[in-house]
Amino acid sequence: MTLKLGFIGTGGIAHHHVKNLVQMEGVALSAFYDVDIQRAQQAASEHNGAKAFSNLNEMLDGSDLDGVYVCVPPMAHGDAEYQLVERGIPFLVEKPLGINREVPLSIGEKIKSNNLITSVGYHWRYNESASLAKQLLANSKPGMALGYWMGGMPMVPWWRVQAGSGGQFVEQTTHIVDLLRYLCGEVQEVYAAYSLQVMGEQVEGTDVPDVGTVTLKLKNGMVATISNTCLLPIGHHTGLDIYTSNGVLELRSDALRELTTAGTTVHPNVANPYYIEDEAFLHALRTGDTSQILSNYEDSLKTHEITIAANESAASGKAILLS
Ligand SMILES: NC(=O)c1ccc[n+]([C@@H]2O[C@H](COP(=O)([O-])OP(=O)(O)OC[C@H]3O[C@@H](n4cnc5c(N)ncnc54)[C@H](O)[C@@H]3O)[C@@H](O)[C@H]2O)c1
């Protein structure tokens with residue numbers, strides 16, 4: 001069976017998924033929609049029989065799609081997901097789910113009542129390091145975690161604006177928050193401090209904080225801090241360190257480093273996590289079996305809630321208790 005797929009948003013991450021999907025059997029990249037029609041046309045021109053659309057309803061009503069990738073910037077979520085749920089079309093949506101609490105929550109409710117297959121692009125979960133860390137944590141007691149996303153500013157224009165991206169913690173560091181939840185459990189309380197130190201002067205129009213640190217208490221008693229900055233001219237740490245009764249687990253995009261009394265063991269990540277994420281989504285479309293999808297919309301709402309609470313805490317100066 002050939003799966004007919006469509007794209008809503010045809011920028012950087014859409015291209016990344018396309019590169020994986022063209023390597024897979026039984027996939028037709030049929031329809032591309034973007035508010036910038038030239039981008040949609042460029043994407044469609046690269047695939048036999050594909051069509052570009054400047055109208056979302058037209059694409060969804062006329063293309064008989066089995067699944068759709070939603071790859072729009074954070075502030076643009078809402079209409080695409082509502083239209084997909086209404087038509088019962090399963091989708092993979094990129095993180096973050098949005099820039100506020102309300103729109104993703106209402107999308108989540110509609111997904112639940114329609115029992116729709118969804119996947120959310122938290123690709124760190126698909127790294128070998130994540131599954132190995134899960135196994136290792138089953139045989140040790142974790143006490144705390146330190147997470148980081150320390151780097152420079154992505155130059156897509158919506159990123160530097162709070163009303164475009166929701167800020168670094170919501171847009172980027174959400175991957176580390178999600179990894180913390182995936183490996184260590186649910187978060188109960190959030191306290192955040194943010195500041196804009198450098199990038200406001202360096203890149204015109206910047207209003208997102210360029211430094212921030214967030215303290216989290218987990219329901220199981222663990223404590224964590226996750227810090228981020230986008231003011232660096234270099235890349236620095238991006239990942240999560242978990243401190244346990246057996247030593248330290250350092251998760252990075254390239255490997256898991258396991259530090260114990262026996263020394264340090266490096267377990268490299270070999271597979272492409274985006275490819276595995278894409279395969280899991282296609283498997284679910286073909287079979288209805290969603291067990292390979294490691295992050296669906298309902299679960300991702302909990303990660304999103306933490307990042308929104310962090311923004312609210314930074315604004316109010318108060319700790320926020322999550323339900
Ligand atoms: N999982 C990951 O590792 C990862 C990596 C990069 C980006 N992302 C996420 O993917 C999303 C998109 O990022 P990007 O880097 O591809 O951005 P981008 O700016 O390169 O592309 C976004 C595209 O969406 C289009 N667009 C904007 N509003 C739209 C709308 N309402 N309907 C249809 N199209 C619309 C734009 O014209 C543009 O072509 C962001 O939320 C980002 O956080 C995830």
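**Exercise 1.** Which of the 25 residues around the ligand come nearest?

*Solution.* The model is predicted, so local features need pLDDT of at least 70 and side-chain atom pairs pLDDT 80 or more, whereas totals for chains, interfaces and linings use all residues. Residues are numbered from 1 along each chain as its sequence is written, and side-chain values use heavy atoms, without hydrogens and water. Taking a residue as near when one of its heavy atoms lies within 4 Å, the nearest are Asp34, Arg39, Lys95, Glu171 and Tyr274.

**Exercise 2.** Describe the polar contacts of the ligand with Glu94, Glu171 and Tyr274, and its burial.

*Solution.* Begin with the oxygen atoms of the ligand, counting pairs of N or O atoms within 3.5 Å: a polar side-chain atom of Glu171 lies 2.4 Å from one oxygen atom, and for Tyr274 the distance to an oxygen atom is 2.6 Å. Next, a polar side-chain atom of Glu94 is placed 2.9 Å from a ligand nitrogen. Finally, the ligand taken alone exposes 850 Å², of which the protein buries 83%, with areas from the Shrake-Rupley method and a 1.4 Å probe.

**Exercise 3.** Characterise the shell around the ligand by residue class and by domain.

*Solution.* By class, the shell holds 13 nonpolar, 6 polar and 6 charged residues, where Asp, Glu, Lys and Arg count as charged and Gly as polar. By domain, at least three residues come from each of domain 1 (3-123 + 274-296) and domain 2 (124-271 + 304-321), with bounds from an automatic or database assignment.

Methods
A polar contact is a pair of N or O atoms within 3.5 Å; within protein, one must be able to donate a hydrogen and the other to accept it, and residues adjacent in sequence count only if both atoms are side-chain atoms.
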